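Here is a walk through one structure, from a single helix out to the contact between chains. Have the sequence and the model open side by side as you read.

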2 protein chains.
Amino acid sequence: MASLSVSPGGTLELRLPLRVVLLSAGSAAIAWTLALGLYTRRRGRYAPATSSEDFVRSGVAILRWLTNYRSRTCRQLPIVSTVAPNYLRDSLPATAPEEPEPFSNILSDLSEKILPGLTHWENSASFFAYFKPHSSYPAVLGELVCAGLNVMGFDWIASPACTELEVVTLDWLGKLLQLPERFLSCSAGPGGAVIQGSAGEAAIVILLAATRRAQSRRAAASRSAGAPLLGGAGATADACTGAAADDVGRSRCVVYCSDQTHAIIKKACMVLGLRCRALPTSVETGFTLRGEVLAAAIDADLADLAENWLPVAVVGTSGTTTSCAFDPLDELADVCTPRGLWLHVDAAYGGAYACLDEVRPLFAGLERCDSFCVNAHKKLLVPFDLAALYVADRRPLLHALSLTPEYLRNDASESGAVVDYEHWQLGLGRRFRALKLWFVMRRFGASGVRAHVRAGMVLARRFADLVATSEVFELAAPPSLSLVCFRLMHARVPHGSEDDDALHMEFLARAKARNVFIIRSRLGGRLILRFACGGIEQTVQEVERAFEILRAVARDWMASTMMTFRDVAQHFGNSIAANNYPAAFELLTPEAQAVYSPESLKAAVASMTCAAPGGIQEVEVIEEGILEDWPAKQPGDVASVYVALTGAGFAEAVAVIVVQRNCNLLIRHLEWGRP
Amino acid sequence: MASLSVSPGGTLELRLPLRVVLLSAGSAAIAWTLALGLYTRRRGRYAPATSSEDFVRSGVAILRWLTNYRSRTCRQLPIVSTVAPNYLRDSLPATAPEEPEPFSNILSDLSEKILPGLTHWENSASFFAYFKPHSSYPAVLGELVCAGLNVMGFDWIASPACTELEVVTLDWLGKLLQLPERFLSCSAGPGGAVIQGSAGEAAIVILLAATRRAQSRRAAASRSAGAPLLGGAGATADACTGAAADDVGRSRCVVYCSDQTHAIIKKACMVLGLRCRALPTSVETGFTLRGEVLAAAIDADLADLAENWLPVAVVGTSGTTTSCAFDPLDELADVCTPRGLWLHVDAAYGGAYACLDEVRPLFAGLERCDSFCVNAHKKLLVPFDLAALYVADRRPLLHALSLTPEYLRNDASESGAVVDYEHWQLGLGRRFRALKLWFVMRRFGASGVRAHVRAGMVLARRFADLVATSEVFELAAPPSLSLVCFRLMHARVPHGSEDDDALHMEFLARAKARNVFIIRSRLGGRLILRFACGGIEQTVQEVERAFEILRAVARDWMASTMMTFRDVAQHFGNSIAANNYPAAFELLTPEAQAVYSPESLKAAVASMTCAAPGGIQEVEVIEEGILEDWPAKQPGDVASVYVALTGAGFAEAVAVIVVQRNCNLLIRHLEWGRP
């Protein structure tokens, strides 16, 4: 029945056939006695992993390791990880260890194997890419408590404190952000808030609720009109969702946003099976979604009876990813309210700034919106994941996400006496995430949170001033909040061209090599550089240092690598004058290099100058010899340049045709001698 | 322009109009100088919250507080929180504090305000409800590192270590669970694994991928047949999802599962807009979904050309919530494979047991399934949230969840050279959750994980033995894994009746009052009690102690409160014999109490016995006088009982009609004197 053996490693192995452990009654006593003995013996072997003392000792080591990482190590490592794919698989065993390992092994692996594979988003002094996340020590401790308690919080009764602290803390945050009363749980109405994992999950929840609400209304209107629905696409009952028999199919439901809206909205539509219309924005209106553009799009859909479109929601953005633009919520509400559309505000980044009086005007109209989502893990000092989602009416969420049948729905839950958050989210389980936000608001105080948020704006202002007065950069848009969009100032290639893109991308790569990390985006067709800063811990010195590096990179590069066509021609002449034919050869295009060699260049010069003693002594680009147009000009050709080569007893020349290849200028054709 | 003021609290307040901070160029220098000075001054005020020393000191206090909670406090508190709704709102301020608070305030609030609002799922010695979660100290430290690093991991390049450790760790886990090779990233095929927040989120991802795959296949088949699609519901293009113009609408797509499947699957269908068919199971087949039942349902749908159903997926369960039943994967695969349906295995609870050889037969057929999800936060020693989702082919996920347009899809990503997990999940951002699982496997070793999982089975076996040999309980099903389903052994009311339900629920409440927490469920129409145990830290003594309490509750209750109808009649006679008319009155139904009073009972007895000296001296239920049926019997009536009342000089009687009210027996009618 049961077998007990000693493995080569000296450990006892118990093999119990399934039926013994699960089903057998007769021999249970023997099997159980054997198993219990082994079980008791085993417990001792895993004692380190279950010991309180070991936990505290290892925990202290990790706390110290983390402070060391955040304040020191991460500033010594490359800001963007340089590891190759599968670096970790190659350095870790293929299977879990059979026996327990000491904690010290893990800690040293963290330093030696994990850290080199990280990009140091938060703590590096030179990370100005994306919207830099901001966490804080108090929030990290909040996560520690969350993990240590391992509370189950799917509904109120599962652990009331988990739900109630979330309700209270989100009200605190809502007041700190000066949100309209209707979004608060403590208001008299049906509003409330919930923590989601990310703004993307929040978008799925909201768009589902909006869709179900719109479908129900359309069905009710159709029933009361006594007429069949327009069209019939997807018009069927869904027993599981309780949808009416004359439901409008999801592929007919339309969500409106702008071409600046974050991809999470498109993804949410993809998950839910909705149609997503990204409406155009322009440089003239600051890349915002205007009410008249929105109204026209919706009304066109409503007029299209053949397609039976059902507009369900509009997503406005407070702080777009590219340029931190704010859609005018007032205008959007003017469109949505009379048409009964759900107006959701994706304030993932910008929402945090609502705590500042001086930024409040950008949120005008919020009191007429249906929902609002801010990522506390972006700017509000908590680590990922904490997206705070506020709704003016919780009932559409409950109706869309609750499995509780109609007859069991209770006033307590719908009125807010008891909150069961499982019906406000996609999954069932949830962590006690309110703790970390609670820790932050208590340890920093409301004043500290505001100071932190405001700090980013001060730093961005400083960077913008430096850009505006520099000789190599120019602002691409007015700085907004903590973001500065800028460009290289140049007249080398047409702005917005592929060459212009290549120029900026080459600049980014060079900046990264100097360990300053910023990224590109596109505004009004032109590639731009984004510098995002902020945080109570970031110093003005760090921002100024980053700027100096960026300026040095741009200046050096423009001065050396980025030669003008005159420079290229001059450089070519200088090289052959100095007998440095390999350097001259490097200035040729690959095609020209296939024709010439350093040796053939040397031979050509020798034959032209008749090997005069002293060689070429003067090299001069002749201004009048520069042609910007000529009969055989090819695409990419920049100029034909005439370079005079003078020496003892000769006055020769070479004409070179300079061509643009990506952001390099090269010579594609040579013509030796005076014409 | 800018204003600087001193608030009543003595703090400096800066007010900068928006246009100054954001847009003004002219006065920027002044504003910036002012702001920078304030900003620098402020930084000092929030120093405690940003100081490394403070972090370590506070962190150590939390580590100690957690060990104290897990080993002591949680065993002293009521196992199920007894707080009333809104208890926390009433004890916390209505807004965040304006100024920073010391850490000690938070710690004392954790003890005094948070802990009483928790139900101690994991650490209580008496929690045997649901499927008890199992975390561990090493995993808590993994979460601490995760929060402290605050790594962004949406795609590989964002922080390669985050992605790669997840790939490696899930391969380790897959091998530990003896999963088929096709699910591992290290296999040659397109399989792989990803961490999801919960089995519910995993189900949404999988069912979306399955739906899109089925829709594409149907569309392709229809195109190649050159014929229009059957039916036309939802048959329209969706520009956003890239669905074909002849797409089948989602409300036509069908997911099959059983009536024992967890509600998360129904919820996933609700979110996605799919139809969910829960097929019946029975006690005869151990509450499992059988292949023939499944095949019949699918084939009926396929034959229903008018409805144009599109079967897309089947969900089998390994370890159902109610009875820990295992659907026969082999049978389900036999049905799914030839029909091209996606077969997903929800092994949220049971999956962990796949690491044990003796349980492996329950997973026969897994090598033919398309996906498999196990909640490591249930049994595998990590705190919520870590659902490990394995797929045999990653490509349908990428196609369903990636926004990358077709022409940018790359072989590297699809072949597995680089994994971008954002395309394997609903949201964009993700935490570095692999750390906690990695910590667990290293600190316990594979042998320790197996020992932990096996321990629960040993304990369940012990509990089942105690139940089987007890005088008050009986097994309701064979014990499975760490779960024992049992019932009160009684012949009082029909099994499966409402009274039987009430009886068991009253028992649960009494057990909870004695601080042993188990829950009910329903199997084959009868209410059952679930005792779930397990974990390397749970002791046999704890299980035995819980059993003794449960047995004592049942025995005491049955012996006292739960009188038989004979007991009721006898007790009534004894009470009037003892002149305790209030006690006799309490045995009457409310209706009878409206007719009688203690005084009128006393008067009736006096008139019947003629106030004989010594009163009633003997009370006897006369067996022959018990009627279980009689002409005027009403619903709920249990018996009419004849009670002889004898005293000095009289031999009288009372006939009482005993009726069942919930789980109490009461007297609804009295008839004084011999007939």
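Let's start with a yardstick: a residue is called buried when its relative accessible area is under 20%, exposed when that value is over 50%, and partly exposed in between, using a 1.4 Å probe and protein chains only. Helices (H or I, at least four residues) and strands (E, at least two) are DSSP runs, numbered from the N terminus.

What you're looking at is a predicted model, where local features need pLDDT of at least 70 and side-chain atom pairs count only at pLDDT 80 or more, while totals for chains, interfaces and linings use all residues. Residues are numbered from 1 along each chain as its sequence is written, chains are lettered from A and ligands numbered from 1 in the order in which they are written, and side-chain values use heavy atoms, with hydrogens and water left out.

**A covered helix**

Take helix α10 of chain B, residues 263-272: eight of its ten residues are buried, leaving the helix mostly covered. Lys267(B) is on the buried list, along with Ile264(B), Ile265(B), Ala268(B), Cys269(B), Met270(B), Val271(B) and Leu272(B). Right after α10(B) comes Gly273(B), with a positive phi near 80 degrees.

**The cores**

In soluble globular proteins, nonpolar side chains tend to be buried together. A nonpolar core here is a set of buried Ala, Val, Leu, Ile, Met, Phe, Trp, Tyr and Cys residues joined through side-chain atoms within 4.5 Å. The largest one has 226 residues, and Phe432(A) and Phe432(B) have the most contacts inside it. Contact, by the way, means heavy atoms within 4.5 Å. Setting aside neighbours within four places in sequence, Phe432(B) is in contact with Ile114(A) and Leu118(A) from chain A, plus Cys146(B), Leu149(B), Val151(B), Ala161(B), Cys162(B) and Leu165(B) from chain B. Another core, of 86 residues, lies apart from that one and includes Cys276(A), Ala203(B), Leu310(B) and Val419(B).

**Where the chains meet**

How many residues does each chain bring to the contact? Chain A brings 183 residues and chain B brings 183 residues. The area buried between chain A and chain B (accessible area, 1.4 Å probe, that two parts lose on being put together, summed over both) is about 16,000 Å², and carbon and sulfur atoms give 66% of that.

The rule finds ten salt bridges across this interface, a salt bridge being a side-chain nitrogen of Lys or Arg within 4 Å of a carboxyl oxygen of Asp or Glu. Arg450(B) forms a salt bridge with Glu98(A), with the closest N and O atoms 2.2 Å apart. There are also 54 residue pairs in polar contact across the interface, both residues at pLDDT 80 or more. A polar contact is a pair of N or O atoms within 3.5 Å; within protein, one must be able to donate a hydrogen and the other to accept it, and residues adjacent in sequence count only if both atoms are side-chain atoms. On the side of chain A that touches chain B, helix α16 (residues 434-468) of chain A gives the most, with 21 residues.

**Arg70(A)**

Helix α4 (residues 52-76) of chain A holds Arg70(A), which is buried at a relative accessible area of 7%. Its side chain makes a polar contact with that of Glu122(A), at 3.0 Å. Leaving out residues up to four places away in sequence, Arg70(A) touches several others, including Tyr137(A) and, from chain B, Gly148(B).

**Salt bridges within chain A**

Over all chains, the structure holds 66 salt bridges. Here are three of them.

| Pair | Closest N to O |
|---|---|
| Glu307(A) and Arg252(A) | 2.8 Å |
| Asp465(A) and Arg461(A) | 2.8 Å |
| Arg510(A) and Glu506(A) | 2.7 Å |

Glu307(A) and Arg252(A) link distant parts of the chain, 55 residues apart: Glu307(A) is in the loop between α11 (291-303) and β6 (310-317), and Arg252(A) in the loop between α9 (199-225) and β4 (253-258). Glu307(A) is partly exposed at 29%, whereas Arg252(A) is buried at 2%.

Asp465(A) and Arg461(A) are separated by about one helical turn, because they sit four residues apart in helix α16 of chain A. Both Asp465(A) and Arg461(A) are buried. Arg510(A) and Glu506(A) are likewise four residues apart, in helix α17 (residues 498-513) of chain A. Arg510(A) is partly exposed at 29%, and Glu506(A) is partly exposed at 27%. Elsewhere, salt bridges that share partners join Glu143(A), Asp385(A), Arg431(A), Arg433(A) and Lys436(A) into one network.
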